[in-house]
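Reader: Please take a close look at the salt bridges. What do they link, and how are their partners placed?

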Amino acid sequence: QTFDLTFDLSVFDLFMAWGNGASVHAGSPVDLVAPARYVNRHQLTVWFSVPSVPAQMLRRQQLRPDALPTLRWSLFCGEPLPQRSAESWQQAAPNSTVENLYGPTELTIACFMHRWDPDLSPPLCRNEIVPIGRPIPGLMAALVDGEARLTCENSGELCVAGPQTTPGYWQAPAVTAERYIDLPVSRHEARRFYRTGDLVSVTPQGEYQFLGRADQQIKILGHRIELGEIEAALRADAAVEHAVAFGWPLPPLGAEMILAFVSGGISQTGSLLARAKQTLPAYAVPRRIIIVDEMPLNPNGKVDRKALAARIDEHLGGQAQV
């Protein structure tokens, strides 16, 4: 049990275990510093966590081949799963099926799934992020453009409908009207979809790839930029554990520059900037890269972008609007 009870993913750990006559092991925060030791001590067979955990284990050199031999199932959800983490975890848990789950709270707890295959999955990764996969049976997916209209393109904002969709937000009709829309599913029928705010693309194989958040698209010099692509370019350096990019500032006409935070075993940014210049257009290369010892995490174990944004003033001075 790696999740706080306020995080909806805890529901799976508790009730799937108890419903199948299994035990739940709730490790302490100290145990999560060295999860492999905890897993092996208790001979655990099912693991479920946010992807930040294997990323931290990689940095601490705890995710060695065959380090987790007892695991049968390894599930990750809550934030994008880096390809490097999936590959290393599969090697560490050779007897385990590794799955990347996707599911906003409004579609609790998971509505898409990709089962990692060492041979077939790597070519399907986009920006070195494991695909979110395909909709779980019973759910329907649709893509809309920036005007919330159905699009024929193979990329757009992901919308999902089905029995797992919540009816709306408690006593918040305005927010509900913004995030839930009716879309036609046939000539005579429409269904209510939840707008996830996540941008995806669909491969010819029908796999959905996570591109980034719709609210993380920015414009610089008239060019639309996906911050996720910049983060992927920085993570291409093996020493980088996490990379988070921001546009700064965000006036009505668009950001003037990009800055990024990175963590991991990197001591200087020259090589990162050189690699970024080789893979990114000039307008998308970060003007500033800031090295931090540890990425701040929110109570659910995800990288806390808001906490990072609050640090921008410390490094740039003045009022940073992000």
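Author: Buried means under 20% relative accessible area, exposed over 50% and partly exposed in between, with a 1.4 Å probe and protein chains only. This is a predicted model, where local features need pLDDT of at least 70 and side-chain atom pairs pLDDT 80 or more, while totals for chains, interfaces and linings use all residues. Residues are numbered from 1 along each chain as its sequence is written, and side-chain values use heavy atoms, without hydrogens and water.

Start with the count. There are 11 salt bridges (a Lys or Arg side-chain nitrogen within 4 Å of an Asp or Glu carboxyl oxygen). Three of the pairs deserve a walk-through, taken along with the elements they connect.

Take Asp31 and Arg41. They form a salt bridge, and 3.4 Å separates the closest N and O atoms. Asp31 sits in the loop between helix H1 (10-19) and helix H2 (35-42), while Arg41 belongs to helix H2, so the pair ties together parts that are 10 residues apart in sequence. Helices (H or I, at least four residues) and strands (E, at least two) are DSSP runs numbered from the N terminus. Arg41 itself counts as partly exposed, at 49% relative accessibility.

Next comes Arg115 with Glu99. Here the closest N and O atoms of the salt bridge are 2.5 Å apart. The pair links distant parts of the chain, 16 residues apart: Arg115 is in strand S4 (residues 112-115), and Glu99 is in strand S3 (residues 97-102). The two partners differ in their surroundings. Arg115 has a relative accessible area of 45%, so it is partly exposed. Glu99 has 7%, so it is buried.

The third pair is Arg305 and Glu231. Their salt bridge brings the closest N and O atoms to 3.2 Å. Helix H8 (residues 305-309) holds Arg305 and helix H6 (residues 227-235) holds Glu231, so parts 74 residues apart in sequence are tied together. Arg305 is partly exposed, with a relative accessible area of 23%. Glu231 is buried, with a relative accessible area of 9%. Elsewhere, salt bridges that share partners join Arg59, Glu241 and Glu294 into one network.

Now back to the strands. S3 and S4 belong to an open sheet of 5 strands, in the order S1-S2-S3-S4-S5, with mixed pairing. Its edges are strand S1 (46-49) and strand S5 (134-135), and each of these pairs on one side only. Two strands pair if DSSP finds at least two bridges between them. S1 and strand S2 (residues 73-76) run parallel, joined by 4 bridges. One contact places the register: Val46 has Trp73 in S2 as its bridge partner.

What about covalent links between cysteines? The structure holds 0 disulfides (a pair of cysteine sulfur atoms within 2.5 Å). Cys152 shows why: its sulfur lies 14 Å from the closest cysteine sulfur, in Cys159, which is too far for a bond. Cys152 counts as exposed, at 85% relative accessibility. Cys159 is in no disulfide either, and the nearest cysteine sulfur, that of Cys111, is 11 Å away. Cys159 counts as buried, at 0% relative accessibility.

To return to your request: the salt bridges include a loop-to-helix pair, Asp31 with Arg41. Another joins strand S4 to strand S3. A third joins helix H8 to helix H6.
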